[in-house]
Amino acid sequence: MGELGSKTKSHKLTMDNRGSASMTGIVKVISIDPDLVLLVTEQGKLKITGKNMQANTLDLDKGILELSGNFNTVAYSGDKDGGLSLKGLFK
């Protein structure tokens, strides 16, 4: 059998008790601050808000990121090129 269409790039987010998170498929880090993390993943832009957040592991060659802190929200935009917008996320 041949391939069906274009292959979807992989991204995974695993969170443990809202205190630690590990991610794959990280393309670019826009910002990592104690209260706000902005990333570009293989599946779109990702915004994480919280308190005392910090990167424990970051390897962009492998596309991995591990964060710790207190996470409040996790929100994706529609695509890698679109803006970070919460419009339509909560109805």
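## Surroundings of G25

Leaving aside residues up to four places away in sequence, G25 touches S10, H11, V40, T41, E42 and G63. The model described here is predicted. G25 itself sits in the loop between strand 2 (20-24) and strand 3 (26-32).

The relative accessible area of G25 is 11%, and because the cut-off for a buried residue is under 20%, G25 counts as buried. A further spatial relation links G25 to K62: these residues are 37 residues apart along the chain, and their C-alpha atoms are separated by 8.0 Å.

## Strands 1 and 2

Strand 2, which precedes the loop holding G25, is paired with strand 1 (residues 12-16). The two strands run antiparallel and are joined by five bridges. Within this pairing, L13 stands opposite M23 of strand 2.

Strand 1 and strand 2 form a hairpin with three residues between the strands. In this hairpin, N17 adopts a positive phi near 55°.

## Strands 3, 4 and 5

On the other side of the G25 loop lies strand 3, which is antiparallel to strand 4 and connected to it by five bridges. V29 has L39 of strand 4 as its bridge partner. The hairpin formed by strand 3 and strand 4 has three residues between them.

Strand 4 also pairs with strand 5 (residues 44-59), again in the antiparallel sense, over six bridges. Here L38 has K47 of strand 5 as its bridge partner. Two residues lie between strand 4 and strand 5 in the hairpin that they form.

Strand 4 covers residues 36-41. Five of its six residues are buried, so this strand is largely enclosed by the rest of the structure.

## T41 and its polar contacts

T41, one of the residues that G25 touches, belongs to strand 4. Its relative accessibility is 0%; because buried means under 20%, T41 is classed as buried.

The side chain of T41 has polar atoms placed close to two backbone positions, as the following distances show. A polar atom of this side chain lies 3.0 Å from the backbone nitrogen of Q43. The backbone oxygen of G44 lies 2.7 Å from a polar atom of the T41 side chain. G44 falls within strand 5 (residues 44-59), whereas T41 is in strand 4.

How values were computed
Residues are numbered from 1 along each chain as its sequence is written. This is a predicted model: local features need pLDDT of at least 70, side-chain atom pairs count only at pLDDT 80 or more; totals for chains, interfaces and linings use all residues. Side-chain values use heavy atoms; hydrogens and water are left out. Helices (H or I, at least four residues) and strands (E, at least two) are DSSP runs, numbered from the N terminus. Buried means under 20% relative accessible area, exposed over 50%, partly exposed in between (1.4 Å probe, protein chains only). Contact means heavy atoms within 4.5 Å. Two strands pair if DSSP finds at least two bridges between them. A polar contact is a pair of N or O atoms within 3.5 Å; within protein, one must be able to donate a hydrogen and the other to accept it, and residues adjacent in sequence count only if both atoms are side-chain atoms.
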